[in-house]
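Could you take me around this structure, one selection at a time? I have the viewer open and would like to know what to pick next and what I will find there.

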Amino acid sequence: MDEMIIIWLVVLIVAIVVEVATMGLTSIWFAGGALVAVLSAVLGLPIFLQVLLFFMVSLLMLFFTRPVAVKYFNKDRVKTNVESLVGRQAVVTSEIDNLQAIGQVTVGGQEWSARSCEDRVRIPVGSVVNVVSISGVKLIVRMDTQMEKIAPTQPVVPEPMSVSQMEELETRQGE
């Protein structure tokens, strides 16, 4: 029985050391399970019950406390690299036209390929846009609401037409 107490203490210490070394909420749950297993070994419970308690307590702690712990530990996390661009303003340096798959913006001195979040809207050079998301290596942008008030007219990409529709339009304009 004494050897089981030592084994569970070793598991407890290893789990705590791993947690301290990683600080990533990786093994604290198993430390809790090992602590309960140590207590059950001290009380003289059978080995199968000690193992069962270890796994049950570890899993219960993992499922019920991890989401709360992750929420509170990650709230001050600083966004880095690309994810820090979402929500920032950018200046259009090359007209954004999703139909032609063209467009570039500058954000924080860096040039990025960009697409509008609205397919039929072209965004002219010099416009200020907001980065709403990232798709692969392209920024998905929307015209800044303050800019829309100043220059509300945006060229809209016309619907594609067939040759017969174009001929019909030409004949109507010629009349």
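Here is a tour that starts with the whole chain, moves through the helices and ends at the barrel.

**Stop 1: the whole chain**

Begin with everything shown as a cartoon, and keep in mind that this is a predicted model. Colour by secondary structure and you should find 5 helices and 5 strands in the protein chain. Following the sequence from its start, the elements come in the pattern α-α-α-β-β-β-β-β-α-α.

Now switch on a surface. The protein chain exposes about 11600 Å², and carbon and sulfur atoms supply 65% of that area. Of its 175 residues, 27% count as buried. If you draw a contact map, look at the contacts between residues at least 6 apart in sequence: 51% of them join residues at least 24 apart.

**Stop 2: helix α2**

Select residues 28–42, which make up helix α2. How far apart are the end C-alpha atoms of this helix? They are 21 Å apart, and this agrees with the expected span, because 15 residues at 1.5 Å a residue should also give 21 Å.

Next, show the side chains of α2 and colour them by accessibility. The buried residues of this helix are W29, A31, G32, G33, A34, A37, V38, S40 and A41. Step just past the end of α2 to G44, where phi is positive at about 85 degrees.

**Stop 3: the aromatic cluster**

Select W8, F30, F54 and F55 and show them as sticks; ring pairs link these residues into a cluster. The structure holds 3 aromatic pairs. One of them joins F30 and F54, a tilted pair with 6.4 Å from centre to centre and 35 degrees between the planes. F30 belongs to helix α2 and F54 to helix α3 (residues 47–73), so this pair ties together parts that are 24 residues apart in sequence.

Stay on F54 and turn to F55. Their rings form an edge-to-face pair, 5.1 Å centre to centre with 70 degrees between the planes.

Are these phenylalanines buried or partly exposed? F54 counts as buried because its relative accessibility is 10%, under the 20% cut-off. F30, at 33%, counts as partly exposed, and F55, at 46%, is partly exposed as well.

**Stop 4: around the helices**

Add V11, which sits in helix α1 (residues 2–22). Which residues does V11 touch, leaving aside those up to four places away in sequence? They are A34 and F54. V11 is partly exposed, with a relative accessible area of 28%. Put a distance label between the C-alpha atoms of V11 and L35: the two residues are 24 apart along the chain and 8.9 Å apart in space.

Then move to L59 in helix α3. With a relative accessible area of 41%, L59 is partly exposed. A second label, from L59 to G32, should read 9.8 Å between C-alpha atoms, for residues 27 apart in sequence.

**Stop 5: the barrel**

Hide the helices and keep the strands. In what order do the 5 strands close into a barrel? The order is β1-β2-β3-β5-β4, and the pairing is mixed. Neighbouring strands of this sheet are turned by 50 degrees against each other on average, direction ignored.

For the antiparallel part, select β4 (residues 128–135) and β5 (residues 138–143), which pair over 6 bridges. Two opposite positions are good to label here: N130 stands across from R142 in β5, and I134 stands across from L139 in β5. The two strands form a hairpin with 2 residues between them. In that turn, click on G136, whose phi is positive at about 65 degrees.

For the parallel part, keep β5 and add β3 (residues 110–116). These two strands run parallel and are joined by 4 bridges. Label S113 and K138 to finish: S113 stands opposite K138 in β5.

Note on methods
Residues numbered from 1 in each chain as written. Predicted model: local features only at pLDDT ≥ 70, side-chain atom pairs only at ≥ 80, totals over all residues. Heavy atoms only, no water. Pairing = 2+ DSSP bridges. Axes fitted to C-alpha atoms, helices over the stretch in contact; angles between N-to-C directions. Expected span 1.5 Å × (residues − 1). Buried < 20%, exposed > 50% of the residue type's maximum accessible area, 1.4 Å probe, protein only. Contact = heavy atoms within 4.5 Å. Areas by Shrake-Rupley, 256 points an atom, 1.4 Å probe, with all protein chains shown as cover. Phe/Tyr/Trp six-rings, centres within 6.5 Å; stacked < 30°, edge-to-face > 60°.
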